[in-house]
Amino acid sequence: PTISNVANQTITEDGTTGALAFTINDLETAATALTVTRTSSNTTLFPLANVVLGGSGAARTVTATPVANSSGSATITLTVTDPGGAAASDTFTVTVNAVNDAPVMGLANGWVIASPDLHATGPYELFGSGVDDLDTRIGDGVESMTMVMEVGLFAEHGILSLPNAAGVTFLMGDGVDDQFLVFEGELPALNAALSHLEYRPDQFFGGFDRVLGYINDRGWYGD
């Protein structure tokens, strides 16, 4: 049998090749009796379930979709086999370019501080605060690259402290009783600092307060 060539492809992370057309033929056998199979050289990026064959007769298609939030390359091999076991193959490479996924931030909320005389002094530790970025991670979720990110925090009616700030560098404030502070560091250091974020309300303040924050990955991206 014969199989036509599929050109190499370049796509972006979380994209797809779309349906790529190819044709199969055999001098002695009808195209409907030919069998097409596929393999992937990188099943972490392109598992076989993500390499989908379509079409019928001589007109066939293949669609390759990478695993979400993954980049790299793989060689896809298409093989056509006739009933007698004779076969022919074609290979093409799919390169998946990484994109910059937005980082995420989670700040603890829902705290109630009971102080009838409005003399709450604190500090009160905001458990559960942290940040993350898919671009620092590989398939098993373990941090895979060095990457310095920036975090900013602002308390509308109070002050903030980071007593566990080893490994971060302060760009604004010093991590002790700041209303507005900005600091940078790698993901583990940022999370260690945020895990012990302390809040102290302004004297005589009563009501709902908010701690606002942002994270900036500065355009970094990885695997």
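This passage describes the fold, the strand pairing and selected residues of a predicted model.

The chain comprises 17 strands and 1 helix. Of its 223 residues, 35% count as buried. The exposed surface amounts to about 11400 Å². Carbon and sulfur atoms contribute 54% of that area. Contacts between residues at least 6 apart in sequence were also examined; 67% of them link residues at least 24 apart.

Strand E8 spans residues 87-97. In a regular strand, side chains alternate between the two faces of the sheet. The two faces of E8 are covered and uncovered, respectively. Ala88, Asp90, Phe92, Val94 and Val96 form the covered face. The uncovered face carries Ala87, Ser89, Thr91, Thr93, Thr95 and Asn97. Strand E8 pairs with strand E7 (residues 72-81) in the antiparallel sense, through 10 bridges. Within this pairing, Leu78 lies opposite Asp90 of E8, a residue of the covered face. The hairpin of E7 and E8 has 5 residues between the strands. Gly85 in this hairpin adopts a positive phi near 95 degrees. Strand E8 also pairs with strand E2 (residues 9-12), here in the parallel sense and over 4 bridges. Ile11 has Val96 of E8 as its bridge partner. Val96, too, belongs to the covered face of E8.

An open sheet of 4 strands follows the order E14-E15-E12-E17, and its pairing is antiparallel. Strand E14 (169-172) and strand E17 (211-216) are the edge strands, each pairing on one side only. On average, neighbouring strands of this sheet are turned by 25 degrees against each other, direction ignored. Strand E12 (residues 148-155) and E15 run antiparallel and are joined by 7 bridges. Phe154 stands opposite Phe180 of E15 in this pairing. Helix H1 (residues 187-194) packs on the sheet and touches E12 and E15. The direction of H1 makes about 140 degrees with that of E15.

The buried residues of H1 are Leu187, Ala189, Leu190, Ala193 and Leu194. Viewed down the helix axis, these buried residues fall within an arc of 165 degrees, so they line one face of H1. An α-helix has 3.6 residues a turn, so residues three or four places apart point the same way. The buried residues of H1 pack against strand E11 (130-132), E12 and E15.

Strand E15 (residues 180-186) contains Glu184. The relative accessible area of Glu184 is 19%, so this residue counts as buried, the limit being under 20%. Beyond neighbours within four places in sequence, Glu184 contacts Val148, Met149, Glu150, Gly167, Val168, Thr169, Leu171, Leu190 and Arg218. One of these, Leu190, is among the buried residues of H1.

Two loop residues also merit a note on backbone geometry. Most residues other than glycine have a negative phi. Asn69 has a positive phi, near 60 degrees. Asn69 sits in the loop between strand E6 (59-64) and E7. With a relative accessible area of 30%, Asn69 is partly exposed. Asp177 likewise has a positive phi, near 55 degrees. The loop between E14 and E15 holds Asp177. Its relative accessibility is 39%, so Asp177 counts as partly exposed.

How values were computed. Residues numbered from 1 in each chain as written. Predicted model: local features only at pLDDT ≥ 70, side-chain atom pairs only at ≥ 80, totals over all residues. Heavy atoms only, no water. Buried < 20%, exposed > 50% of the residue type's maximum accessible area, 1.4 Å probe, protein only. Contact = heavy atoms within 4.5 Å. Areas by Shrake-Rupley, 256 points an atom, 1.4 Å probe, with all protein chains shown as cover. Pairing = 2+ DSSP bridges. Axes fitted to C-alpha atoms, helices over the stretch in contact; angles between N-to-C directions. Arc of directions from axis to C-beta.
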